[in-house]
Structures are given as C-alpha cells and as structure tokens.
Amino acid sequence: MLTKKQLELLQFINRRVQRDGVPPSFDEMKEALDLRSKSGIHRLITALEERGFIRRLAHRARAIEIVKLPDAMGEPAGFTPRVIDGDRPDTPPPARAMEVSNTAVELPLMGRIAAGVPIEAINQVSHSVAVPGTMLSGKGDHYALEVKGDSMIEAGINDGDVVVIRETSTADNGDIVVALVEDHEATLKRYRRNGTAIALEAANPAYETRVFRDDQVKVQGRLVGLIRTY
C-alpha cells in the first residue's frame with residue numbers, strides 16, 4: 001500500500017509522462033508535492049521503485065518507466081508500461097505527415113535545435129525521419145528536430161536526441177517548447193509566462209533561466225515525443 005505522498009508523486013509523474021512524453025524534473029516534483037528538498041523526492045522515488053511501481057533506467061537522465069499503477073488511480077487491468085522515450089496515446093496522424101505503414105510516419109527533420117548554447121534559427125528541411133504514429137499528439141502539423149546541447153538533460157532530453165514537435169503558437173506554463181527568440185535564435189526550453197514576461201527554463205543547473213518580454217519570444221511548437229538511437 002502506498003503512502004499519500006507516494007501516490008501523489010506517482011500520479012504526478014504519470015500525468016506528465018502522458019502529457020509531455022518525458023517525466024518532470026526533481027525540482028518540479030518537489031514543487032508539486034510541496035516538499036522542502038530533493039532528498040524527500042529521492043526517498044519517494046526509491047520507495048516506489050522498491051514496491052515495483054516504477055523502474056529507473058540506467059544511463060539516462062531522469063528516465064523513469066512506470067511499471068504499474070495502483071487500483072486507486074483507476075487504471076484498467078492489463079496496464080502496459082509506458083516508457084518515456086516519446087511513446088504517446090494513439091491519435092490519427094496529421095495530414096502533412098505521409099503515412100508509410102500502420103505504425104510509422106515520415107516527418108521532416110528540420111535540422112538542429114539548441115538545448116544549450118544558442119544556434120541560428122532553423123528554417124530548412126535536411127531530410128525526413130520515420131516515427132511511430134502513436135507519438136503524434138493532437139491536431140496540426142508535426143516536425144522533428146535534432147537536439148544540440150545538454151541544457152534539457154534533467155528532462156530526459158540528451159544531446160543527439162531527435163524530438164518530435166507539434167506546431168503551435170501557444171503554450172501552457174510548464175510545456176517544453178521550441179521558442180524563437182528575437183526572430184533569429186531557436187531553442188528548446190520549458191515555457192513559463194508571468195504577465196508580460198516569458199521565462200525559458202533549462203533543465204540543467206549549469207544553465208540560467210532566461211527572461212524576455214513577451215514580444216521577444218514566439219512559440220513555434222510543443223514537444224510531444226522523443227527518439228533516441230544507440
């Protein structure tokens with residue numbers, strides 16, 4: 001039987017994996033559960049792992065696989081574990097994506113996106129990449145980008161990963177987005193709005209949060225999946 005805090009953390013991780021395709025950072029877990037330190041989160045994670053509800057994946061930053069959910073969370077029998085490397089609920093692929101099989105679609109790979117040091121804005125298709133159709137989320141066009149840098153490593157996004165982006169010009173606080181800064185710099189960061197200010201947060205303590213006026217930032221899309229090769 002889980003404690004109240006263990007259940008709250010498992011529910012929070014499950015919601016974020018379902019929404020973003022990647023788990024929350026330890027800071028976000030701490031904030032969501034109103035804990036004073038990350039050590040409390042580490043203890044809860046360890047307890048959930050020992051009880052068989054989650055599994056931590058070796059050699060991947062903040063990578064967590066949900067193995068099972070308790071009956072209290074309303075999951076049907078036969079729940080299938082969902083790994084955070086971009087698996088998404090089944091949705092029809094958008095019109096722009098050319099279906100190549102029942103399980104894969106071709107998306108344009110638009111080049112590289114900065115997750116760290118700023119790079120020039122991306123505007124050219126280099127080639128296409130096949131992704132699982134279940135990774136596509138919501139309505140609208142999708143495209144893929146190769147990640148350059150390590151500023152989102154605590155969100156499970158590593159240098160060299162390919163991220164799947166759904167085109168949108170809006171975002172909610174906490175979303176991981178492709179942001180165009182001052183019309184020339186494209187970056188992958190977590191989005192926070194406070195009035196007329198927009199903060200672009202890294203998921204790596206080595207990088208500072210950058211704050212801009214809202215007219216300096218344009219949302220180009222939201223993260224819906226991630227592909228990693230070994």
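Is V105 buried or exposed? In this predicted model, V105 is buried, because its relative accessible area is just 2%, well inside the under 20% cut-off. The residue sits in strand β4, which covers residues 104-114. Across the fold from V105 there is A130, 25 residues away in sequence, with the two C-alpha atoms 5.3 Å apart in space.

Zooming out, the protein is built from three helices and 13 strands. Of its 230 residues, 48% are buried. Take the contacts between residues at least 6 apart in sequence: 59% of these join residues that are at least 24 apart. As for the outside, the accessible surface adds up to about 11,700 Å², and carbon and sulfur atoms account for 49% of that.

Helix α1 is a good place to start with the details. The helix runs over residues 4-20. It has 17 residues and spans 24 Å from its first C-alpha to its last, which is close to the 24 Å expected at 1.5 Å a residue. Its buried residues are Q6, L9, L10, F12, I13, N14, R16, V17 and D20. These pack against quite a list of partners: the helices α2 and α3 (38-50), plus the strands β1 (54-56), β2 (64-66), β10 and β13 (217-227).

R16 deserves a second look within that set. This arginine counts as buried because its relative accessibility is 10%, which falls under the 20% limit. Leaving aside residues up to four places away in sequence, R16 touches G21, V22, P24, E28, G174 and R190. One of these contacts, G21, comes just after α1 and takes a positive phi of about 85°.

Q18 belongs to α1 too, but its relative accessibility is 25%, so this residue counts as partly exposed. The C-alpha atom of Q18 is separated by 9.4 Å from that of V224, although their positions lie 206 residues apart along the chain when counted as a sequence separation.

Further along, the loop between α2 and α3 holds D34. This residue has a positive phi of about 60°, even though it is not a glycine. D34 counts as exposed because its relative accessibility is 70%, which is over the 50% mark.

Next, the pockets. The largest pocket has a volume of about 260 Å³. Its lining consists of 14 residues, and those nearest the centre are S25, D27, E201, A202 and A203. Two elements give two or more residues to this lining, namely α2 (26-32) and β10 (185-194). Of the elements, α2 gives the most, with three residues. By residue class, the lining breaks down into three nonpolar, three polar and eight charged.

Two loop residues round out the picture. G140 is placed in the loop between β6 (127-132) and β7 (142-148). Its relative accessibility is 34%, so G140 counts as partly exposed. G140 and T168 are 28 residues apart along the chain, and their C-alpha atoms are separated by 7.7 Å.

The other is A206, found in the loop between β11 (197-201) and β12 (210-213). With 66% relative accessibility, A206 is over the 50% mark and therefore counts as exposed. Between A206 and D150 the chain separation is 56 residues, while the C-alpha atoms are separated by 9.4 Å.

Methods
Residues are numbered from 1 along each chain as its sequence is written. This is a predicted model: local features need pLDDT of at least 70, side-chain atom pairs count only at pLDDT 80 or more; totals for chains, interfaces and linings use all residues. Side-chain values use heavy atoms; hydrogens and water are left out. Helices (H or I, at least four residues) and strands (E, at least two) are DSSP runs, numbered from the N terminus. Buried means under 20% relative accessible area, exposed over 50%, partly exposed in between (1.4 Å probe, protein chains only). Contact means heavy atoms within 4.5 Å. Accessible areas come from the Shrake-Rupley method with a 1.4 Å probe; for residues, only the protein chains shown count as cover. On a 1 Å grid over the protein atoms alone, a cavity is a set of points where a 1.4 Å probe fits but cannot get out, and a pocket is an open set with protein on both sides within 12 Å along at least five of seven lines; lining residues have an atom within 4 Å of a point. Grid points are joined across faces, edges and corners, and a volume is the space filled by probe spheres set on the points. Ala, Val, Leu, Ile, Met, Phe, Trp, Tyr, Cys and Pro count as nonpolar, Asp, Glu, Lys and Arg as charged, and the others, Gly among them, as polar. The expected span of a helix is 1.5 Å times one less than its number of residues.
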